[in-house]
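Here is a short report for a first look at this structure. Keep the sequence and the 3D view at hand while reading.

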Amino acid sequence: SAAGLDIGSLNALRRRLSCVKDGRLLADFAHCRAEGYFISDVPGDDPAVVGSGLLVPDHGALAPLPDELPDWARVHLHDTADVDAQEDRVDTVLVARNADARAAAREAAVGLGYAVFADDGDLDGDAVEAAHALVAQLVADAPGLRIWGGETTVQLPEAPGRGGRNQHLALAAALELAGRNDMLLLAAGTDGTDGPGEDAGALVDGGTVRRGELHAGAAATCLARADAGTFLAAAGDLLQTGPTGTNVMDLALGLRLAPEGG
């Protein structure tokens, strides 16, 4: 947030300010059973976390509220929802999740004739560190496609440039892949957006750094100032899908090609 709150504190505030989050929407179904259909954009796919728990309260301890909370907000704070006795009236149905996006990518890749690794990995933590880990895994693996899903983070400088977490990860991976002709990595948001702008992410290869540095300066400098989008645009590697209307976090696909004649 602009105030510098971490996601735990921000979600705690959302739950306490909202009239429908943290299970409070269930009060509108006081005399009937309710079914909730969820599209999960969170790790673990917990209905108490998706959308901050519209029909299911979070029974875990909420993060503390910030000390600098303004008085107008404190006036509107709700007590923690008390809907335990009503929860047995709710059936939750998971409509879509990141695992479904991974499965769809796997099915499409198999249909195109690629060997696909079955033990998909999770995508989390710092985007640059994640990029290093993904490339290292590709280097260690046999030729084929590996699929990761989840959501990374980026610590922004004071004046960040263009791009989002997937472009940041992709550029970090491109630095690792520089000069290789046997690997490609795609990182994208399943909703078709990655940060401000119309880019969903990027598809990078061993020539990304060379192409981008012809027009955008040093790749490492662009990465440090969180301006991956500018660099990847110069390299011609940005991915635009248009909005998909569904957010089940991010996907990263890494392809290692078989040696020619192998």
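Which residue in β8 is the bridge partner of Leu184? The partner is Leu255. Note that the model is a predicted one.

## The sheet

Start with the strands. Six of them form an open sheet. The order is β3-β4-β8-β5-β6-β7, and the pairing is mixed. In general, strands of a sheet pair through backbone hydrogen bonds, either parallel or antiparallel.

Strand β5 covers residues 183–189, and strand β8 covers residues 250–256. Seven bridges join β5 to β8. These two strands run antiparallel. The pair Leu184 and Leu255 belongs to this stretch of the sheet, with Leu255 on the β8 side.

## Edges of the sheet

Which strands stand at the edges? They are β3 (121–123) and β7 (238–239). Each has a single partner strand, so one side of each is left without a neighbour in the sheet.

## Helix α3

Helix α3 is made of residues 98–111. The helix lies across β3, β4 (144–150) and β8. Its direction is at about 165° to β4.

How far apart are the end C-alpha atoms of α3? They are 20 Å apart. At 1.5 Å a residue, the 14 residues of α3 should span 20 Å, so the two values agree.

Which residues of α3 are buried? Asn98, Ala101, Arg102, Ala105 and Ala109 are. They cover an arc of only 100° around the axis, which puts them on the same side of α3. The cover over these buried residues includes β3, β4 and β8. On the other side of α3, Glu107, Val110 and Gly111 are exposed. Just after the helix comes Gly113, with a positive phi of about 95°.

## Helix α5 and Leu169

Helix α5 spans residues 165–177. This helix lies across β3, β5, β6 (201–205), β7 and β8. It runs at about 170° to β5.

Leu169 lies in α5. Is Leu169 buried or exposed? The cut-off for buried is under 20% relative accessible area. Leu169 has 1% relative accessibility, so this residue counts as buried.

What is Leu169 in contact with, leaving aside its neighbours within four places in sequence? The contacts are Leu123, Ala127, Ala130, Ala131, Leu134, Thr152, Leu185 and Ala187. Take Ala130 from that list. Leu169 and Ala130 are 39 residues apart in sequence. In space, they are 7.2 Å apart, C-alpha to C-alpha.

Methods: Residues are numbered from 1 along each chain as its sequence is written. This is a predicted model: local features need pLDDT of at least 70, side-chain atom pairs count only at pLDDT 80 or more; totals for chains, interfaces and linings use all residues. Side-chain values use heavy atoms; hydrogens and water are left out. Two strands pair if DSSP finds at least two bridges between them. Helices (H or I, at least four residues) and strands (E, at least two) are DSSP runs, numbered from the N terminus. Contact means heavy atoms within 4.5 Å. Axes are lines fitted to C-alpha atoms, for helices over the stretch in contact, and angles run from 0 to 180 degrees between N-to-C directions. The expected span of a helix is 1.5 Å times one less than its number of residues. Buried means under 20% relative accessible area, exposed over 50%, partly exposed in between (1.4 Å probe, protein chains only). The arc is that of the directions from the helix axis to the C-beta atoms.
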